[in-house]
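Here are three short exercises to work through with the structure open beside you. Try each task before reading its solution.

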Amino acid sequence: ILAALDQMNIEEDTLVIFTADNGPLNSPLARAKNHEPTGPYRGVKTCVWDGGTRVPFLARWPGHVPAGVSSNHLFGLTDVFATVAALCGSPLPDGQGPDSYNMLPVWLQNKKGIAKRPALVTASYGGFLTLRKGDWKAVFGTKWTGGHPAKPYGGPPPTGTPKDDPDIGQLFNISNDPFEKQDLWESHPEIVKKLRHELQVIQSKDKSDSFPDTIRNDIAGSPNVVLIFSDDMGYSDLPKFGKSEIPTPNIDRLAQEGTLFTDAYVTAPICVASRMGLLTGQYQQRFGIYCNMYGEARTRLFLKQTLLPAVFQDAGYRTAHVGKWHLSGNKRTQYETAGPRDRGFDESVAIRGGDSAFWKGTPVFRNGKEFPAPEYLTDLWGTEACAFIDRAHAQPFFLYLAYNAVHSPMHALDADQAKFPKV
């Protein structure tokens, strides 16, 4: 992707974002091989703790996003919605993106415009809400993971753990205890009370005023945007974010030529719900989504939301989706009558579900029509992304490149396995 931008001489006109949809599964096999996907962070996919919700986030835009620096500003992936709307100079549709804050001043390190996000809500697979505000993080209603009870997601609670109850919870001072080891819920009732009130205020609000009119003054033209979304990637799977033995030279290049954000969060630690938060700019629990499956009524409620690519289309961009779709729900409604091309994408090459074989011949869909993948799936997504950039770069474009790697199944080409015999 970076090579394609370089070859077409549009790297300085293109914002590249790399992030992930949620944390990894609990993997004893990875740990046996001395790999910790979440590093020191507690929890995994589906959980309330940071191992499930804190994700790597990198942004590169030469001449605009500072190079080789890191930022600890708190933001959620719902904020991408309002941020790119500001970037495009496109006002958000009325009532859309209520939980999205314009982070463009943070990304550009425009100190005059930077404002701290007041708070951030995440919702676990089990429907338990957390609130991060300043140094504090509260988990409401559970003393355990709040996630799926199966062992790959953390397993059932230990004997003696209190049953889930609205009056119980967990409280952590993230500045002193970033790995969530010391629960202060019982010892700081005054903090719990304040955070509970803050959550109630957020739940009752309709729209946040998060679109500063002045930010476009320093931006000429309409930059391209490439949003690369990895799947089930642990915060410490990348060397730049933790102690990882996995070589990622091109992702490292993004960090060297852009900004690394250490405190980016998904709003749900599970595939479908996380993607809905990203693409709608609102907490997905507002339309009843906490996990990967839901009924036709909730699907239809989701279909009323404006998605991120439609904001780009309104600003005159060419839009494309490559890779994993996985907005699930009622599959007939979601895929046959409301697929990517019905939700703001001009083009789409995709797998529909949550996981897929990676091998050549795997069924994929181009604009809704099935065909066998002509190559290994991760390579195919790269090929299709570069082809779109080549076709579309004469006008502003938005590319949503949603890899299904590193999600299971663990399918690797022989040539790649040979490079890592210990793995």
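Contact here means heavy atoms within 4.5 Å. Keep in mind that this is a predicted model.

**Exercise 1. Find which residues of helix α7 are buried, and what they pack against.**

Step 1. Go to residues 249-257, which form α7. Buried means under 20% relative accessible area, and Ile251, Asp252, Leu254 and Ala255 are buried in this helix.

Step 2. Look down the axis of α7: the buried residues fall within an arc of 150°, so they line one face of the helix. A general rule helps here: an α-helix has 3.6 residues a turn, so residues three or four places apart point the same way.

Step 3. Now look at the partners. The buried residues of α7 pack against α1 (2-7), β1 (14-20), β2 (54-60) and β10 (259-265).

**Exercise 2. Decide whether Ser356 is buried or exposed, and list its contacts.**

Step 1. Locate Ser356 in the loop between β12 (347-351) and β13 (363-366).

Step 2. Apply the cut-off: the relative accessible area of Ser356 is 12%, so this residue is buried.

Step 3. Set aside neighbours within four places in sequence; Ser356 then touches Ile351, Thr362, Leu377, Asn404 and Pro409.

**Exercise 3. Work out how compact the protein is.**

Step 1. Count the elements: there are 13 helices and 15 strands.

Step 2. Compare sizes. The radius of gyration is 21 Å, close to the 22 Å that the globule rule gives for 423 residues, so the protein is as compact as a globular protein of that length.

Step 3. Add the interior: buried residues make up 56% of the 423 residues.

How values were computed: Residues numbered from 1 in each chain as written. Predicted model: local features only at pLDDT ≥ 70, side-chain atom pairs only at ≥ 80, totals over all residues. Heavy atoms only, no water. Buried < 20%, exposed > 50% of the residue type's maximum accessible area, 1.4 Å probe, protein only. Helix = DSSP H or I, 4+ residues; strand = E, 2+ residues; numbered from the N terminus. Arc of directions from axis to C-beta. Rg over C-alpha atoms; globule rule 2.2 N^0.38 Å.
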